[in-house]
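Let's go through some labels people attach to a structure and ask what backs each one up. Have a look at the model first.

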Amino acid sequence: MKALLDALRQAGNAAILPHKSADGDAIASALALGKLLESFGVAYTIYTEEPVRTDLAFLGGSFSPMPEDVPSVHTCIAIDCGDIFRLGDRAPIFEKAKCRVVIDHHITNDGFGDINLIVPTAAAAAEIVAELYMASGVSLGKAATTLYTGIVTDTGGFRYANTTAKTHKIAAFLLEAGAESGKVCHQVFEQNSLAKIRLEAAVLHAMTLAHEGRTAVGLVSEALLSETGATDEDTSNLSGVLRTIAGVETGVLLREKDGQIKLSMRTNAFLDAAAVCKALGGGGHARAAGASVDGSLSEWKEKIITIIGEAYGRHS
Ligand code: 5GP
Ligand code: MN
């Protein structure tokens with residue numbers, strides 16, 4: 001952590017890259033890391049793969065798309081990215097930088113930077129950034145609310161199995177520094193667009209249960225998105241909803257995206273989602289993981305049921 005802080009202090013200029021399809025943790029940790037760099041007098045730009053999700057707009061901040069020419073930056077930080085492919089089209093910024101830094105909490109991360117701070121026990125990348133604030137003694141200001149958002153989103157409001165005593169201690173540190181928890185939880189959990197609710201209803205209505213009710217598979221076609229008026233970001237929590245069905249170990253959402261199938265997996269108690277998704281070219285955490293695969297929705301519905309069935313077999 002000290003070596004990383006020294007490197008950040010010495011950065012000439014910096015680029016921060018959250019993972020593509022950036023979620024609350026990726027955006028929050030990128031924003032707070034930016035503020036930390038600012039306090040060190042380091043100029044930085046946060047590059048995102050796509051426009052930031054509208055439900056995260058309350059966090060503020062400014063983001064740049066990938067420019068036509070690969071920008072030359074001294075220090076590039078990939079944050080909340082399990083592997084370099086999660087940087088998408090922005091990977092060249094990372095590759096070209098003089099000092100490449102990885103800050104992450106995915107167990108499947110094999111350390112693709114020159115400096116790697118990978119803490120798989122951290123519930124969120126925001127936890128790690130909060131620790132950087134603690135270690136550097138920089139005051140948090142608005143970053144307290146930002147980092148609290150990262151933790152709340154990646155732990156589902158402190159409900160998921162990744163939540164530890166340390167998560168709560170860091171959250172307490174952020175609350176003491178002024179994090180507006182009520183506002184964050186309202187924004188994150190109590191605000192669904194009508195289109196999102198309609199999409200959820202349609203997906204749950206048509207879902208497939210397999211393995212005697214232990215596996216729930218939901219499908220989102222491009223057509224369903226346009227019928228309901230929902231956007232890709234509205235699918236973000238659906239695999240988690242499938243997992244809440246009593247008796248379900250594994251919730252999987254398959255959705256058509258950019259000519260591929262995006263697979264999002266959530267497990268309850270024993271199935272290693274990271275291992276299953278890693279074998280498909282993706283990755284993630286034990287209870288939440290994902291991958292992008294080639295093929296059709298119907299083909300992958302069958303395939304994933306078979307793959308999960310085999311994985312259960314290895315557990316029994
Ligand atoms: P989600 O299902 O919300 O897209 O992702 C769940 C977790 O798995 C997140 O921590 C996310 O970073 C990770 N993840 C999702 N898709 C991929 C992927 O294609 N590759 C890798 N390495 N990780 C992924
Ligand atoms: Mn994360």
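Q: What makes the pair formed by Ser264 and ligand 1 a polar contact?
A: A polar side-chain atom of Ser264 sits 2.6 Å from an oxygen atom of ligand 1. The cut-off for a pair of N or O atoms is 3.5 Å, so the Ser264 pair qualifies as a polar contact. Keep in mind that this is a predicted model.

Q: How do you know that Gly283 and Gly290 make polar contacts with ligand 1 as well?
A: Same test for both. A backbone N or O atom of Gly283 is 3.2 Å from a nitrogen atom of ligand 1, and a polar backbone atom of Gly290 is 3.4 Å from an oxygen atom of ligand 1. Both values are within 3.5 Å, so both pairs count. As for cover, ligand 1 taken alone exposes 500 Å², and the protein buries 86% of that.

Q: Which residues come nearest to ligand 1, and which strands supply its shell?
A: There are 15 residues around ligand 1, and Asp83, His106, Lys262, Ser264 and Arg266 come nearest. Strand 9 (260-267), strand 10 (283-284) and strand 11 (288-293) each give at least two residues to the shell. Strand 11 has the largest share, with five residues. By class, the shell holds eight polar, four charged and three nonpolar residues.

Q: What makes Asp25, Asp80, His105 and Asp154 donors of the manganese ion (ligand 2)?
A: Their donor atoms lie 2.1 to 2.8 Å from the manganese ion, and the cut-off here is within 2.8 Å, so they count as donors. Asp25 and Asp154 bind through OD, Asp80 is listed with OD twice, and His105 uses NE2. Along the chain, the spacing of the donors reads D-x54-D-x24-H-x48-D. Distant parts of the chain are linked this way: Asp80 is in the loop between strand 3 (75-79) and helix 3 (91-96), while Asp154 is in helix 5 (residues 143-154), 74 residues apart. Asp80 and Asp154 are both buried.

Q: Why is helix 4 (residues 125-136) called largely enclosed?
A: Buried means under 20% relative accessible area. Ten of the twelve residues of helix 4 are buried, so the rest of the structure largely encloses it. Among them are Ala125, Glu127, Ile128, Leu132 and Tyr133.

Q: How do you know that the span of helix 4 is close to the expected one?
A: From first C-alpha to last, helix 4 reaches 17 Å, against the 16 Å expected at 1.5 Å a residue. Just after helix 4, Gly137 takes a positive phi of about 75°.

Q: Why is Asp89 called exposed?
A: Its relative accessible area is 57%, and exposed means over 50%, so Asp89 makes the cut. Asp89 belongs to the loop between strand 3 and helix 3. Glu49 is 40 residues away from Asp89 in sequence, yet the C-alpha to C-alpha distance is 7.1 Å.

Q: What makes Glu227 exposed?
A: Glu227, in helix 9 (residues 222-228), has a relative accessible area of 65%. That is over 50%, so exposed is the right label.

Q: Why does Asp258 count as exposed, and what is its phi?
A: Asp258 has 69% relative accessibility, which is over 50%, so it counts as exposed. Its phi is positive, about 50°, although Asp258 is not a glycine. The residue sits in the loop between strand 8 (250-257) and strand 9.

Note on methods
Residues are numbered from 1 along each chain as its sequence is written. Chains are lettered from A and ligands numbered from 1 in the order in which they are written. This is a predicted model: local features need pLDDT of at least 70, side-chain atom pairs count only at pLDDT 80 or more; totals for chains, interfaces and linings use all residues. Side-chain values use heavy atoms; hydrogens and water are left out. A residue is near a molecule or strand if one of its heavy atoms lies within 4 Å of it. A polar contact is a pair of N or O atoms within 3.5 Å; within protein, one must be able to donate a hydrogen and the other to accept it, and residues adjacent in sequence count only if both atoms are side-chain atoms. Accessible areas come from the Shrake-Rupley method with a 1.4 Å probe; for residues, only the protein chains shown count as cover. Helices (H or I, at least four residues) and strands (E, at least two) are DSSP runs, numbered from the N terminus. Ala, Val, Leu, Ile, Met, Phe, Trp, Tyr, Cys and Pro count as nonpolar, Asp, Glu, Lys and Arg as charged, and the others, Gly among them, as polar. The expected span of a helix is 1.5 Å times one less than its number of residues. Buried means under 20% relative accessible area, exposed over 50%, partly exposed in between (1.4 Å probe, protein chains only). Donors are N, O and S atoms within 2.8 Å of the metal (3.2 Å for Na, K and Ca); water is not among the atoms, so sites may look incomplete.
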